[in-house]
Amino acid sequence: MAASRFTPSRYFNPSTFISLALCISTAAQGRALSPDESAVVNQGDTPEAWTLAPGSSLTVSSGAQALTIFGGGAGAVVNFNEGSSTTGINLSAAGAVANVNGASVNAAGNSTALMLGDSQAVLTNATITSETGLGLSGAQFQGGTGSAFQINGGIISGGAGGATLSSRSTLDATGAVITGTGANSYGVRGFGSDISLRGSTVTGGLNGLVYRVDTANVRQGTVNIEGSHIEGTTGAAILVNGQGGGLVANLNLLNGTTLMGGNGNALEITNAATANVLLQNSEVTGNFAISNGSIASLTFDQGRLIGNVSADATSSGTLALNNNSALTGDVTGIDTVNLNASSITGNVTSASNAGVVSLANGSVLEGNVTSDTVSLNASQMKGDITSMGSAGVVTLAGGSLLEGDISSDNVSLSNSQMNGDIRSMSSAGVVSLVEGSALEGNISSDNVSLNGSSMKGDITSASNGGVVSLVAGSTVEGQVIGDDVSLDASSITGDVTSASGAGAVKLVRRSAVRGNVNSNNVSLDASSITGNVTSTGNAGVVSLAAGSVLEGNVISNNVSLDASSIVGNVTSTGGAGVLRLLGGSTLKGDVSSGNVSLDASSMSGDITSSAGVVSLANNSVFTGNLVNVDSATLAGSSTWDMVGTNTLNSLAVNDSTVRFGAPNAFYQLNVGTLSGNGTFVMDADYLTNDHDLLNVTGSATGSHTLLIAGSGVDPTSPQPLTVVQTGGGNATFSLAGDRAVDVGTYSYQLASTSNDAGGTDWFLDPSTATISPGTRSVLALFNTAPTVWYGELTSLRSRMGELRFNGGKAGGWVRTYGNKYNVDEASGVGYQQTQQGFSLGADAPLPIGDGQWLVGVLAGHSKSDLDLSRGTSGTVNSYYAGIYTTWMDQASGYYFDGVLKFNRFRNDSKVSISDGTRAKGDYDNSGAGGSVEFGRHIKLNDGYFIEPYSQLSAVVIQGKDYELNNDMRAEGDRTRSLLGKVGVTAGRNFTMDSGSVVQPYVRVAGVHEFAKNNEVQVNNNVFNNDLSGSRGELGAGIAVAFSDSLQLHADFDYSNGDNIEQPFGANVGLRYSW
């Protein structure tokens, strides 16, 4: 066998062990046991040294003493009983066993108290000490299995160290106290050994537990420390020293284990060591330090560390905290840090660009993190995150929360929150917020996207290529600087600024910006901006479509609206600017642009241009002034509403309208040339003769229409009113609808005459005055009441005739009727009156007199509609009640009828004015009248009869003053009517087989109206409603008596004569007698 080096803690060389035994034997009395020999040392025996042989047995009884025990070999056993003692045990031969139970081993000087070579020792409550040497030493021969210590309780100490173990030796201690008492001592030292400590205390003057490598016998050892305390008085509690020899150590700190290092380090892993460390269900105070090319895998499971974890630049490690573990301290140089339902209070700094820090399942980190990959999942962090390079990634997910700043090129939040700023480290940086994430802080990055998320803070792109994207209801409350900004169903509250002239801002699907936008390309689709939009150069484009809205000013050379609106001013940055409004778009504000076009759109505000062009098409409406505009074109039923006096070189109006402002605001339109076929809507104050004026200084061509506002007020002094002046050309002008302009009581026609400029003046001519529709409606209403009254009376006359037909029985009756009257212009005003209504009543014979008198009461309602043509109409609602009587002598046939009737009239008029507007007026008045008729019913043969009669009727209608809402004043005197009538009725009674009687008849009469003067004043102009004159009347009817109790009646009339015609009159009634 080749010679090998020997240390007490590593290997035994047999020759070395024999030489040591010979030296001792010469110095003290000793005894050697033979193989398989047994011996007992009793109390009181002289202490002596012993040498064991294979199979031998030595027992040191209680209270007995022995000197050093040597030897050993297979089957050799030495037993120390309680209270016994020895100066040392050195079992150098493999296979020996030492049992020390309540005994003590006290070695002097630097001797090792208990040394094993491929042997075993079982220590129970033993005391093992060495003054300056080792308490325990477990060694192995080359190729040996190593030594084993089984310790239960007791105290072990040594000046150099408490215990040392070779690579294949083991130590299993429960409840033991192992101490190195020297200043540079250790408590336990292992060389890749397997060590288990339970409920024990290990203390070293320098380090508590030292774990090293045996370079000749490299193995991966395991150290289990459970519920124990390890302490290094001036050094580390645990030192794992690889010595550059490839040491791999498994270190488990379990179930209440504590560590204390005098130098502040609970654990040191150094000199190319590799350590797998588990801190489980324990709390440790002190640092974990990894140095000099070492590698550590640190895992906490319900473990707590109060101290720093660090790896120097030559070392590396991983740190995993699981299951409510906690670390209070900084982590430095560790490239992989994982927290699962755990926490760190301190800073975390990765060693390189490959560093990873992850928090999951409710983990919490309070401190700053410097690492290239940081992820939080359902976790929280308070502190800043800084990537070490441009490839850094920071991810927050699952409801995570970060309170701190981030410096990284790739940042993403998913259903998470952050309070702090985000800064990309290069132009390739990306920031992404998705699934309801929220950020309160600023972002500096060239690529920012929000999806269903929100942000309160500013976004700044670091270069001209910056992209900002918001989708799915995302919101930003802050300023945005980026060259490509897009919003999809999202919003920004703050200013948006492009970083270069190529910038673009795009809003779609109900997106909104509440702030100013500075960009050369701005587009809105079904979206809105509340703020100003400014292009940064002459090539700027602003477009709005699909119901978009912009509330603010626009400065850009190309602005277009399609079915959208702007509330604000639009200004072109150069003379070639273009503004287009399409598809129902609206603009409320002033415009400064060289080319303005409206297509089916509207604008309210002034247009200013240097020799510019304005065009309106397809029902477009422009309300405002044209300032310095060269030409304007209106087409397709478009409208220009002026708000002041305007001047332009050329105006083309094709099937469109120019309106000269609001009523009582009088303007002048000065045009160099006029063409087309347009309508000019004008106004005039006929009291002051102030009016609008179209002034064409050059040539005027085309056929044009003037719609001039009417009035209910008469001019103070009627005179020609010039409304158009031309300097030449063959243009023609006419009044709208060929209707004269209504000027109070009268209407004026348009006339023309040549002027001094060689053109034509067009003016309203008072000499063409005719009665206006307003006047006609006033006269008609005052004239209608008598015909209303008489029309209602016909139904009563029919009833009284029926009384004579049926013998004058008592009963009740109802009638419905309708009449139409055509009143001639010669009466003062012409109109058509259509009346419909109903009457009802009851009567009975009087019990006094000759028994031939009947008396009755009646009531009813009628409505009369007046048509005065051209849209002017009136309505009279009449409510009435009355009494009537009749007398008839059955013997002679003479009869007398009399009626008194009282009415309440509700009069309404609606006047169609020449300018297309309507005026209204209404008033209530009353009336009363009576009628008497005398005649004779003469019976002839075969049921024939004739009935000559005469009738006189009179009615007086209350006068009334009222005013139309166009300021026309009407004053009506009492209306009177005295109507005389003489006529005859002829008919025949037919008795049917059923007993019913049918009576057809015809009637002819002459009628004369005696009242001639019913005065009406309109604006103090006096008119006379005159229905006087004669007319003829024809009538026919039928009465049917089905029984003595039930009769039906129908009557039809026609009359014609002076001033009035009744094309038809009809009434149908039913009577029931009792």
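How many aromatic pairs does the count come to in this predicted model? The count comes to nine aromatic pairs, and one of the legends below takes up the pair formed by Trp853 and Trp887.

**Figure 1. Overall view of the predicted model, a protein with two helices and 116 strands.** The radius of gyration is 62 Å, well over the 31 Å that the globule rule gives for 1074 residues, so the protein is more spread out than a compact globule. Along the principal axes, the C-alpha trace spans about 190 × 90 × 40 Å. Of the 1074 residues, 52% count as buried, while the surface that the protein exposes comes to about 40,000 Å², with carbon and sulfur atoms supplying 51% of that area. Among the contacts with a separation of 6 or more, 41% are accounted for by residues 24 or more positions apart. The charged side chains number 47 positive and 85 negative, and the centres of these two sets lie 12 Å apart.

**Figure 2. Close-up of the aromatic pair formed by Trp853 and Trp887.** The two rings are 6.3 Å apart from centre to centre, with 40 degrees between their planes, an arrangement that counts as tilted. The pair links distant parts of the chain, since Trp853 belongs to strand β101 (residues 853–867) and Trp887 to strand β102 (residues 873–888), with the two positions 34 residues apart in sequence terms. Trp853 has a relative accessibility of 30% and therefore counts as partly exposed, whereas Trp887, at 18%, counts as buried because the cut-off for that class is under 20%. Together with Phe896, the two tryptophans Trp853 and Trp887 form one aromatic cluster.

**Figure 3. Close-up of Arg168 in the loop between β18 (161–165) and β19 (170–174).** With a relative accessible area of 30%, Arg168 is partly exposed. Arg168 and Gly138 are 30 residues apart in sequence, and their C-alpha atoms are 9.0 Å apart in space. When neighbours within four places in sequence are left aside, the residues in contact with Arg168 include Gln140, Phe141, Gly143, Gly144, Thr145, Gly146 and Ser147, and also Asn217 and Arg219.

**Figure 4. Close-up of Gly182 in the loop between β20 (177–180) and β21 (186–191).** Gly182 has a relative accessible area of 17% and is therefore buried. Apart from neighbours within four places in sequence, Gly182 is in contact with Gly158, Gly159, Gly205 and Leu206. As a reference across the model, the C-alpha atoms of Gly182 and Ile529 are separated by 82 Å, with these positions 347 residues apart along the chain.

**Figure 5. Close-up of two loop residues with positive phi, Ala272 and Asn415.** Ala272, although not a glycine, has a positive phi of about 60 degrees, and this residue is placed in the loop between β30 (265–270) and β31 (274–280). At 29% relative accessibility, Ala272 counts as partly exposed. For Asn415, likewise a residue other than glycine, phi is positive and near 50 degrees. Asn415 is found in the loop between β52 (410–414) and β53 (417–419), and with a relative accessible area of 40% this asparagine is partly exposed.

**Figure 6. Close-up of Ser519 in the loop between β69 (517–518) and β70 (521–525).** The relative accessible area of Ser519 is 0%, so this serine is buried. Beyond the neighbours within four places in sequence, Ser519 is in contact with Ser498, Gly503, Ala504 and Val505, as well as with Thr534, Ser535 and Thr536.

**Figure 7. Close-up of Ser637 in the loop between β86 (626–635) and β87 (639–641).** Ser637 is partly exposed, with a relative accessible area of 43%. The C-alpha atoms of Ser637 and Ala617 are separated by 7.2 Å, and the two residues are 20 positions apart along the chain. Once neighbours within four places in sequence are set aside, Ser637 is in contact with Asn619 and Ser620, and also with Asn654, Asp655 and Ser656.

Notes:
Residues numbered from 1 in each chain as written. Predicted model: local features only at pLDDT ≥ 70, side-chain atom pairs only at ≥ 80, totals over all residues. Heavy atoms only, no water. Helix = DSSP H or I, 4+ residues; strand = E, 2+ residues; numbered from the N terminus. Rg over C-alpha atoms; globule rule 2.2 N^0.38 Å. Buried < 20%, exposed > 50% of the residue type's maximum accessible area, 1.4 Å probe, protein only. Contact = heavy atoms within 4.5 Å. Areas by Shrake-Rupley, 256 points an atom, 1.4 Å probe, with all protein chains shown as cover. Lys, Arg positive; Asp, Glu negative; His and termini not counted. Charge placed at Lys NZ, Arg CZ, Asp CG, Glu CD. Phe/Tyr/Trp six-rings, centres within 6.5 Å; stacked < 30°, edge-to-face > 60°.
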